[in-house]
Amino acid sequence: MASCAWSEKMLHLLRRMNSFYMPGSCRANCFRFEIDEVQVGWIPPNVASLLTRYPEVFDAPQDGAVSLCHSLDSYERRSEAVDAVLQTLRQEASLTCLKGWRDEKYSVMPKFSDSPLMCMERAATSLFGVKRYGVHLNGYTVSDSGDVSMWLARRSPTKQTYPGLLDNVAAGGLAAGFGIKQTLVKECQEEACIPAAIADKAHSVSTVSYTYYDEDGVFAESQFVFDLELPLDFKPSVGDREVQDFYLLPIDKVKELLATDDFKPNSAMVVLDFLIRHSFIEPDTEPCYQEFVAGLHQTLE
């Protein structure tokens, strides 16, 4: 039987990462972000009030929605107009997320399979609650006796987000114009020096989706999850300095670490998904099994 304390820690993590759905969240006060009458995000009230300064780009809030002006009728016009606003808003002390400006664009669309309607600076996406996509890799080994271990990364202490915490062996955001597997292979090479010939063998296995909010806005995220059994004689090594070290740990130790504050929250969800899919967590022995599965796959309508 699973430890009640461990299960409660996992439930707390899932509630935190799905806080936008919880009673009393800011969702009731947010404005729908619409482009051509199609919702693509959620805008917190403080951000909506700032956007009224730019009537040539955003229509005034109406019927619970903030819309881009219809005159911005192409991908290029929308992207350029919103970027100009964001460049100005970088001077706003209250918008702390923009201090992490990355010069990296994310696509904005209703669903991942839809054609992008525009692109937006990554650091600004939480101000508009637009869906952010990424890739995460579970890198693991299987010994000759069948014991499973997992490679974990320790994030650099200079990272903008979650410095120094444990992470998946490779992960990264899906920038505009890049494919999913292409991004995975790139992140494997850059972060962990996993050669493309090995990284290309990773299997797409799942998505982990959640939406939370904090002082920086609404984070609606979906991660494309891959599993890769790495050779026993292979050791990841630090590539682009986003990681300070790598550890190969027995799966029981990895499970134990999930219940600590030492793990990047969304990466902990990805590992929890791995444990469920590989039957290290089973419904006969984990009373919160169904809650775990539901909490890993929450998507906004």
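This dialogue walks through strands, aromatic rings, cysteines and empty spaces in a predicted model.

Colleague: I would like to begin with the strands, so how much of strand E6 is buried?

Modeller: Strand E6 covers residues 131-142, and 10 of its 12 residues are buried, so the strand is largely enclosed by the rest of the structure.

Colleague: Which strands does E6 pair with, and is the pairing with E11 parallel or antiparallel?

Modeller: E6 and strand E11, residues 217-229, run parallel and are joined by 10 bridges. Four bridges connect E6 to strand E9, residues 170-173, and these two run antiparallel. E7 also pairs with E6 in the antiparallel sense, again over four bridges.

Colleague: Which individual residues could I look up to see these pairings, beginning with the residue of E11 that stands opposite Gly139?

Modeller: Gly139 stands opposite Leu228 in E11, and its bridge partner in E7 is Trp151. For the pairing with E9, you can look at His136, whose bridge partner there is Ala171.

Colleague: How many residues lie between E6 and E7 in their hairpin?

Modeller: Five residues lie between the two strands of that hairpin, and Gly146, which is in the turn, has a positive phi of about 95°.

Colleague: Let us turn to the aromatic rings; how should I read a pair of them, and how many aromatic pairs does a search of the whole structure find?

Modeller: A pair of aromatic rings is described by the distance of the centres and the angle of the planes. In this structure the search finds 11 aromatic pairs. One of them is formed by Tyr133 and Phe224, which are stacked, with 6.1 Å from centre to centre and 25° between the planes. Because Tyr133 lies in strand E6 and Phe224 in strand E11, this pair ties together parts that are 91 residues apart in sequence. Both Tyr133 and Phe224 are buried.

Colleague: Why does the pair of Phe274 and Phe280 count as stacked?

Modeller: The ring centres of Phe274 and Phe280 are 6.5 Å apart and their planes are at 15°, so the pair is stacked; the reasoning rests on the cut-off that planes under 30 degrees apart count as stacked. As for their surroundings, Phe274 counts as buried because its relative accessibility is 0%, whereas Phe280, at 32% relative accessibility, counts as partly exposed.

Colleague: Which residues form an aromatic cluster?

Modeller: Phe33, Phe58 and Phe128 form one aromatic cluster.

Colleague: I also noticed two cysteines, so why is there no bond between Cys26 and Cys30?

Modeller: The sulfur of Cys26 has its closest cysteine sulfur in Cys30, at 3.7 Å, which is too far for a bond, because a disulfide needs the sulfur atoms within 2.5 Å. A search of the whole structure accordingly lists zero disulfides. Cys26 is buried, with a relative accessible area of 18%, and Cys30 is buried as well, with a relative accessible area of 8%.

Colleague: The last topic is empty space; how is it found, and how many cavities of 30 Å³ or more are there?

Modeller: Rolling a probe the size of a water molecule over the atoms shows where empty space is left. Here a search of the whole structure finds two cavities of 30 Å³ or more. The largest has a volume of about 40 Å³, and the residues that line it include Ala153, Arg155, Lys159 and Asp167. Strand E7 (148-155) and strand E8 (166-168) are the elements that give two or more residues to this lining, which by class has two nonpolar, one polar and five charged residues.

Colleague: Which residues line the second largest cavity?

Modeller: Ala48, Leu51, Thr52, Phe58, Asp59, Ala60, Pro61 and Val66 line the second largest cavity, and they divide into six nonpolar, one polar and one charged. Its volume is about 40 Å³. You have already met Phe58 in the aromatic cluster with Phe33 and Phe128.

Colleague: What volume does the largest pocket have, and which residues are closest to its centre?

Modeller: The largest pocket holds about 1100 Å³ of space. It is lined by 47 residues, of which Arg102, Arg122, Arg132, Thr161 and Tyr162 are the closest to its centre. Among the elements that each supply at least two residues of the lining are helix H1 (4-17), E6, E9 and E11. By class, the lining of this pocket has 15 nonpolar, 13 polar and 19 charged residues.

Note on methods
Residues are numbered from 1 along each chain as its sequence is written. This is a predicted model: local features need pLDDT of at least 70, side-chain atom pairs count only at pLDDT 80 or more; totals for chains, interfaces and linings use all residues. Side-chain values use heavy atoms; hydrogens and water are left out. On a 1 Å grid over the protein atoms alone, a cavity is a set of points where a 1.4 Å probe fits but cannot get out, and a pocket is an open set with protein on both sides within 12 Å along at least five of seven lines; lining residues have an atom within 4 Å of a point. Grid points are joined across faces, edges and corners, and a volume is the space filled by probe spheres set on the points. Ala, Val, Leu, Ile, Met, Phe, Trp, Tyr, Cys and Pro count as nonpolar, Asp, Glu, Lys and Arg as charged, and the others, Gly among them, as polar. Buried means under 20% relative accessible area, exposed over 50%, partly exposed in between (1.4 Å probe, protein chains only). Two strands pair if DSSP finds at least two bridges between them. Rings of Phe, Tyr and Trp (its six-membered ring) pair if their centres lie within 6.5 Å; planes under 30 degrees apart count as stacked, over 60 as edge-to-face and the rest as tilted.
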